[in-house]
Amino acid sequence: MAARAFEEMVGREHVLTDPDLVASYVVDWTGRYRGHSPVVVRPGSVDEVAALVGFCAAHEVALTLQGGNTGLVGGSVPLRGEVVLSLRRLDAIGAVDDGSGQVTVGSGVTIGQLQSEVGRSGWAYGVDLASRDSASIGGTIATNAGGLRVLCYGDTRAQVRGVEAVLGDGSVIAHLGGLLKDNTGYDLGRLLCGSEGTLGVVTSARLALVHPAAVRAVALLAFDTVGSAVRASAALRWVHAGLEAVELFLQPGLELVCSAFGLSAPFKTVFGAYLLVEAGDCDDPTDRLGEVVASLEGVGDVALARNAPQRAALWRYREAHTDAIARLGIAHKLDVAVPLGRLCELVERVPGVVTAAAPGARTWLFGHAADGNVHVNITGVAPEDESVDSAVLDLVASLDGSISAEHGIGVAKRRFLELSRSPSEIAAMRAVKAALDPAGILNPNVLL
Ligand code: MLT
Ligand code: ZN
């Protein structure tokens with residue numbers, strides 16, 4: 001019945017009901033969350049999205065919003081038979097405005113497509129992440145994605161200059177003019193950043209671009225202890241102006257990546273912790289990075305890339321963690337942040353906390369050291385067993401941290417929300433949700 005109405009709105013070929021075609025839309029990337037849906041609708045314009053959402057609000061049809069479906073907290077899975085609203089066809093990229101350094105982009109464009117398009121005119125987008133070839137602009141706005149260069153350019157919210165979106169009643173809000181100053185009431189566009197598709201459907205965004213560094217240097221630093229690596233990551237931020245990334249991983253993760261992908265180890269000796277450091281500048285920053293690294297305490301060995309293939313090879317040790325862990329089975333993925341002064345304590349205590357809760361489990365720790373953000377991945381635990389999640393998130397809360405640094409709350413962490421948000425804050429969130437999505441049809445399983 002609804003499918004027929006959807007066909008009239010978006011065209012028959014963009015309404016999928018064949019279970020074989022629907023199948024890839026009802027399971028997430030991790031495989032931990034699997035749902036079901038009678039229909040996937042793929043609108044091609046903001047007007048079609050508005051008509052669809054308006055219809056669903058009037059008929060109380062729940063929607064699960066989906067971009068690249070690369071989320072890691074189950075947020076884009078139709079767990080209760082929701083209609084899937086896929087935004088992938090909204091894939092227009094406007095002309096780069098060289099004066100303002102901005103571009104208007106459809107929400108279905110992937111980060112990789114945007115990077116290569118704006119790269120043609122000498123620009124870059126400040127958000128980059130390992131899933132760049134699938135993750136969409138709309139999805140990364142909905143989750144306020146962080147990624148590999150938050151240290152340098154900030155998170156997704158920091159790039160957003162305006163948003164076009166359809167609210168839960170089908171009305172459209174649009175501010176894509178890219179004004180740098182605009183204090184005319186609530187900033188609804190930025191409110192949608194990190195709202196996880198619960199307040200509106202982002203259809204387009206006006207994004208700030210950055211001038212990429214002309215030349216880059218990448219080094220892999222090895223340390224005996226996590227403490228030395230964490231102290232070095234803090235020191236690096238203040239002594240190197242062009243720093244773009246400081247990423248942490250540990251020996252077990254490095255071994256796993258090397259064995260999963262047949263890579264040779266970066267050093268002859270085994271160390272405890274590693275920092276992958278990238279710096280950019282207008283002149284070759286390699287020597288400067290080498291000098292800075294030499295001034296750090298606790299560095300046991302260094303691999304300094306001298307060319308692009310060597311830089312990519314060093315990044316592979318860090319970026320391949322997610323895929324290597326996925327080969328072990330369905331992982332519990334806990335993405336957390338703590339104040340930088342407590343990062344070492346978090347990394348040292350998590351494995352013990354996990355083992356106490358689930359003796360057979362294995363813990364894999366890696367992440368964005370300069371942001372105090374650790375990806376706690378746990379394998380060897382049944383997907384539905386949340387005892388390890390609970391134990392780790394309790395520890396994070398006790399360290400004044402956040403239970404979600406960059407992946408969002410989704411379905412995975414919904415029942416833990418009060419560890420990071422007070423009752424008054426959650427009540428305010430509910431009030432905002434009720435105002436912008438009065439029928440409660442947008443991503444009803446997510447966040448609240
Ligand atoms: C990363 O930084 O690699 C991502 O957030 C992915 C992950 O946590 O697996
Ligand atoms: Zn990450």
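# A guided tour of the model

Start by selecting helix 9 and helix 14: the two pack at an angle of about 150 degrees, and their axes are 9 Å apart. Angles over 145 degrees count as roughly antiparallel, so helix 9 and helix 14 are roughly antiparallel to each other. Their crossing is right-handed. Keep in mind as you go that this is a predicted model.

Which residues meet here? Show the side chains of Val-226, Gly-227 and Val-230 in helix 9. In helix 14, they meet Leu-343, Cys-344, Val-347 and Glu-348.

**Next stop: helix 14 with helix 15**

Keep helix 14 (residues 343-357) on screen and add helix 15 (residues 387-398). This pair packs at an angle of about 150 degrees, with the axes 9 Å apart. Helix 14 and helix 15 are therefore roughly antiparallel to each other, and their crossing is right-handed. To see the contact, select Leu-346, Arg-349, Val-350, Val-353, Val-354 and Ala-357 on the helix 14 side. Then add Ser-387, Val-388, Ala-391, Val-392, Leu-395 and Val-396, which make the contact from helix 15.

**Next stop: the zinc ion**

Now select ligand 2, the zinc ion. Which residues coordinate the zinc ion? Look for His-368 and His-375, each through its NE2 atom, and Glu-406, through OE. The distances run from 1.9 to 2.2 Å. Along the chain, the donors follow the spacing H-x6-H-x30-E. Are His-368 and His-375 buried or exposed? His-368 is buried, and His-375 is buried too.

**Next stop: helix 11**

Move to helix 11, residues 286-294, and begin with Thr-286. With a relative accessibility of 5%, Thr-286 counts as buried, because the cut-off for buried is under 20%. What does Thr-286 touch, apart from its neighbours within four places in sequence? Select Arg-216, Ala-217, Leu-304, Ala-305 and Arg-306 to see its contacts.

Now colour the buried residues of helix 11: Thr-286, Leu-289, Val-292 and Val-293. Turn the view so that you look down the axis of helix 11: these buried residues fall within an arc of 125 degrees, so they line one face of the helix. A helix has a regular repeat behind this kind of pattern: an α-helix has 3.6 residues a turn, so residues three or four places apart point the same way. On the other side of helix 11, pick out Asp-287, Glu-291 and Ala-294, which are exposed.

What covers the buried residues of helix 11? The cover includes strand 9 (215-223), helix 9 (226-239), strand 11 (273-281) and strand 12 (299-304). You have met helix 9 already, where it packs with helix 14.

**Next stop: helix 4**

Select helix 4, residues 111-119, and show Ile-111, Gly-112, Leu-114, Gln-115 and Val-118, which are buried. Their arc around the axis is only 165 degrees, which puts them on the same side of helix 4. Bring in some of the elements that cover them, including strand 5 (102-106), helix 5 (137-142) and strand 8 (200-208).

**Next stop: two residues with a positive phi**

From strand 8, step back into the loop between helix 8 (188-192) and strand 8, and pick Glu-196. Glu-196 has a positive phi of about 55 degrees, although it is not a glycine. Is Glu-196 buried or exposed? With a relative accessible area of 9%, Glu-196 is buried.

Then go to the segment after helix 16 (423-436) and select Leu-447. Leu-447 is not a glycine either, and its phi is positive, at about 70 degrees. Leu-447 is buried, with a relative accessible area of 10%.

**Last stop: two loops and two distances**

Find Gly-329 in the loop between helix 13 (321-326) and strand 13 (332-337). Gly-329 counts as partly exposed, at 35% relative accessibility. Draw a C-alpha to C-alpha line from Gly-329 to Gly-94: the two are 40 Å apart in space and 235 residues apart in sequence.

Finish at Glu-13, in the loop between helix 1 (2-10) and strand 1 (15-16). At 58% relative accessibility, Glu-13 counts as exposed. Draw one more C-alpha to C-alpha line, from Glu-13 to Val-46: they are 33 residues apart in sequence and 18 Å apart in space.

Key: Residues are numbered from 1 along each chain as its sequence is written. Chains are lettered from A and ligands numbered from 1 in the order in which they are written. This is a predicted model: local features need pLDDT of at least 70, side-chain atom pairs count only at pLDDT 80 or more; totals for chains, interfaces and linings use all residues. Side-chain values use heavy atoms; hydrogens and water are left out. Donors are N, O and S atoms within 2.8 Å of the metal (3.2 Å for Na, K and Ca); water is not among the atoms, so sites may look incomplete. Buried means under 20% relative accessible area, exposed over 50%, partly exposed in between (1.4 Å probe, protein chains only). Helices (H or I, at least four residues) and strands (E, at least two) are DSSP runs, numbered from the N terminus. The arc is that of the directions from the helix axis to the C-beta atoms. Contact means heavy atoms within 4.5 Å. Axes are lines fitted to C-alpha atoms, for helices over the stretch in contact, and angles run from 0 to 180 degrees between N-to-C directions. Angles under 35 degrees count as roughly parallel, over 145 as roughly antiparallel, 65 to 115 as roughly perpendicular and the rest as oblique. A crossing is left-handed if the near helix is turned anticlockwise from the far one by less than a right angle, and right-handed if clockwise.
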